[in-house]
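I sat down with a new structure today and kept a few notes. Come and read along with me.

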Amino acid sequence: MSHFQPWPWPRVLAHRGGGTLAPENTLAALRVGLARGFHAVEFDAMLPLDDVPVLLHDATLGRTTSLRGDVTARSAAELAACDAGGWHSVDYAGEPVPLLTQALDFCRNNAIWPNVEIKPAPGHEVRTGSAVARAVADAYVDFVRTGGDGAENVDPRVPLLSSFAPTSLQAAHSAVPKLPRAWLVDRIPTDWERTMLQLGAVSLHTNHRHLTKPRAIEIKQAGYWLLCYTVNDPQRARALLHWGVDAFCTDRIDLIGPDFASAG
Ligand code: G3P
Ligand code: MG
């Protein structure tokens, strides 16, 4: 799925909705990002007990919600009734765990482009990949092109699915072949292109800490898009863009603005 189209989306994404300024993966976070001018966002989509994807990062609930235990033991309705904001600050106490469809509606209504990270609880890779892809396709049915999922056919309004779990990406592809997909890795393996081809992925997303300039050049020369997470230092962000990195997400939306990549 190698290609040489320019990256069609905004180049700076607010990580987990609003970076450090709001509780991650909430509608409040999307509002904060938007208030700072961000029209591109990354968030994590997970599947609870029922087949209704929600925005959550962890497979267990203790870190970011008032509940305890496994996400997969709770319904989406239970999660919507808990407090997913109080851990961040009193200002956000009572902020619920949103449904993926609510987040996608907010994005569509506010011209925000989302990179939806499929974040399966262990053992739930296939059902999560399928359910997230279906929810995204339903929300963007009028934008998803009929011609396929290649980079040549990407509508810039259509979300990009990404995942560390190849099985989830394959399941997403089986459920909705037309959505663009990105493979997420911490460190890029030497045989990275083999997996990209197997997955039909258009973009490689990687931890910027382990990326080297030669590897960035190699990926770009092979015709893939390249995104880095999570870049919080403006100097490092500048260097990565100089290497040819197409886009990055940041937690420091107070330090790095949405126009950072186009500003001098
Ligand atoms: O999608 C990029 C980044 O969010 C991956 O890491 O753990 O923050 O979801 P994590
Ligand atoms: Mg993520």
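**Entry 1, the metal.** I began with the magnesium ion (ligand 2), whose donor residues follow the sequence spacing E-x1-D-x72-E. I then looked up the donors: Glu42 (OE), Asp44 (OD) and Glu117 (OE) coordinate the ion at 2.0 to 2.2 Å. Asp44 sits in strand 2 (residues 40-46) and Glu117 in strand 4 (residues 113-118), so this pair ties together parts 73 residues apart in sequence. Donors here are N, O and S atoms within 2.8 Å of the metal (3.2 Å for Na, K and Ca), and water is not among the atoms, so a site may look incomplete. Strands are DSSP runs of E with at least two residues, numbered from the N terminus.

**Entry 2, how I read the model.** This is a predicted model, where local features need pLDDT of at least 70 and side-chain atom pairs count only at pLDDT 80 or more, while totals for chains, interfaces and linings use all residues. Residues are numbered from 1 along each chain as its sequence is written, chains are lettered from A and ligands numbered from 1 in the order written, and side-chain values use heavy atoms, without hydrogens and water.

**Entry 3, buried or exposed?** I checked Asp44 and found it buried, at 0% relative accessible area. Glu117 is buried too, at 5%. Buried means under 20% relative accessible area (1.4 Å probe, protein chains only).

**Entry 4, the other ligand.** Residues surrounding ligand 1 include His15, Asp44, Lys119 and Tyr229. A side-chain N or O atom of His15 is 2.7 Å from an oxygen atom of ligand 1.

Note on methods. Near = heavy atom within 4 Å. Polar contact = N/O pair within 3.5 Å; in protein donor to acceptor, adjacent residues only side chain to side chain. Helix = DSSP H or I, 4+ residues; strand = E, 2+ residues; numbered from the N terminus. Buried < 20%, exposed > 50% of the residue type's maximum accessible area, 1.4 Å probe, protein only.
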